[in-house]
Amino acid sequence: HIYLSGRMARRPMGMHGLRADEARKAQLAARGEEMEEIQMAKMQEQLALFKTKLQEFAVKYKKDIQQNPVFRKDFQHMCGQIGVDPLASNKGFWAELLGVGDFYYELGVQIVQICLATRAQNGGLMDLKDLKVRLEKRRGKAMQALSEDDIERAIRKLKVLGRGFDVLPVKNRKIVQSVPVELNVDQSVLLDLAEACAFVVESKVMAQLGWTRDRFQAAVGQMMNQGLVWLDAQSSEPEYWFPGMLPNQSAV
């Protein structure tokens, strides 16, 4: 008898083995594709069911969706979870069923009108709460109630018109921008600093942020040219005012 110590070396796989291995891999790949197709079909079936249920829900609670801003916001969120956009067009199933397409279209037109009418007063920046008050005055009590979320959704739809309309987060406030201006980092910082009292002073900004005078003037100078900032040179030190940050603008 002949005894071999250790494990015997594996024999190299012949052509038959290679073909069998490739066949197994092809079979596994085909099985994987089949499972993916089955899962995709189930997902599409579930999605179709969700959309049907969503339509039934919309029919049942149509009045609440139209008249209650909080309910409308929750409904919009629910739609977004399954990729349905009732605002995609002011025509079609959702618009005919709920009238939401027309609602946001009309709201968008009113937002544009107010922003254009007040641009000389605020330079194209307006507090979202101020815009809401102006919209409610314009629309009257007989119209559907609206929320800040409604206004933001309408503004997002206005972006198809090009650069200009946007909502800027400024600390605890939201500012509606209606001019085609992209604020750089320094200008956004100045906007944040102006949140409390609606103006900034060069010396305080330099002391607080460590900026040079040239850096401050470069940032504020561009905003002055664009009408976003006004200069008050009557004070002991010049004050750079952001008219859109002033409180109670809706009373003007």
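**Exercise 1. Find which residue of strand E3 stands opposite Asp-127, then work out how E3 sits among its neighbours.**

Step 1. Asp-127 faces Ile-175 in E3. Keep in mind that this is a predicted model.

Step 2. Now look at the pairing on that side: E1 and E3 run antiparallel, joined over three bridges.

Step 3. Turn to E2, which pairs with E3 over six bridges, again in the antiparallel sense. Here Phe-165 stands opposite Ser-178 in E3.

Step 4. Check the link between E2 and E3. The two strands form a hairpin with two residues between them, and Lys-171 in the turn has a positive phi of about 50°.

Step 5. Finish with burial. E3 covers residues 173-178, and five of its six residues are buried, so the strand is largely enclosed by the rest of the structure.

**Exercise 2. Work out where the buried residues of helix H8 lie around its axis, and what covers them.**

Step 1. List them. In H8 (residues 185-193), the buried ones are Asp-186, Gln-187, Leu-190, Leu-191 and Leu-193.

Step 2. Place them around the axis. These residues span an arc of only 160°, which means they sit on the same side of H8.

Step 3. Recall a rule of thumb: an α-helix has 3.6 residues a turn, so residues three or four places apart point the same way.

Step 4. Look for the cover. It includes the strands E1 (125-127), E2 (165-170) and E4 (199-201), along with helices H9 (202-209) and H10 (213-225).

Step 5. Don't forget the N-terminal end of H8. Asn-184 caps it, with a side-chain oxygen 3.1 Å from the backbone nitrogen of Asp-186.

**Exercise 3. How many of the 11 residues of helix H7 are buried, and which are they?**

Step 1. Count first: eight of the 11 are buried, so to speak of H7 (residues 148-158) as mostly covered is fair.

Step 2. Then name them: Asp-149, Asp-150, Ile-151, Glu-152, Arg-153, Ala-154, Ile-155 and Leu-158.

**Exercise 4. Which element of the chain has the lowest mean pLDDT, and which the highest?**

Step 1. Start with the whole chain: its mean pLDDT is 78, and 72% of its residues reach 70 or more.

Step 2. Go element by element. Helix H4 (residues 93-98) comes out lowest, at a mean of 54, while H9 is highest, at 95.

Step 3. Draw the lesson: where pLDDT is low, the predicted coordinates should not be read in detail.

**Exercise 5. What is the overall make-up of the chain?**

Step 1. Tally the elements: 10 helices and six strands.

Step 2. Add burial: 37% of the 252 residues count as buried.

Terms used
Residues numbered from 1 in each chain as written. Predicted model: local features only at pLDDT ≥ 70, side-chain atom pairs only at ≥ 80, totals over all residues. Heavy atoms only, no water. Buried < 20%, exposed > 50% of the residue type's maximum accessible area, 1.4 Å probe, protein only. Helix = DSSP H or I, 4+ residues; strand = E, 2+ residues; numbered from the N terminus. Arc of directions from axis to C-beta. Contact = heavy atoms within 4.5 Å. Polar contact = N/O pair within 3.5 Å; in protein donor to acceptor, adjacent residues only side chain to side chain. pLDDT = per-residue confidence, 0-100. Pairing = 2+ DSSP bridges.
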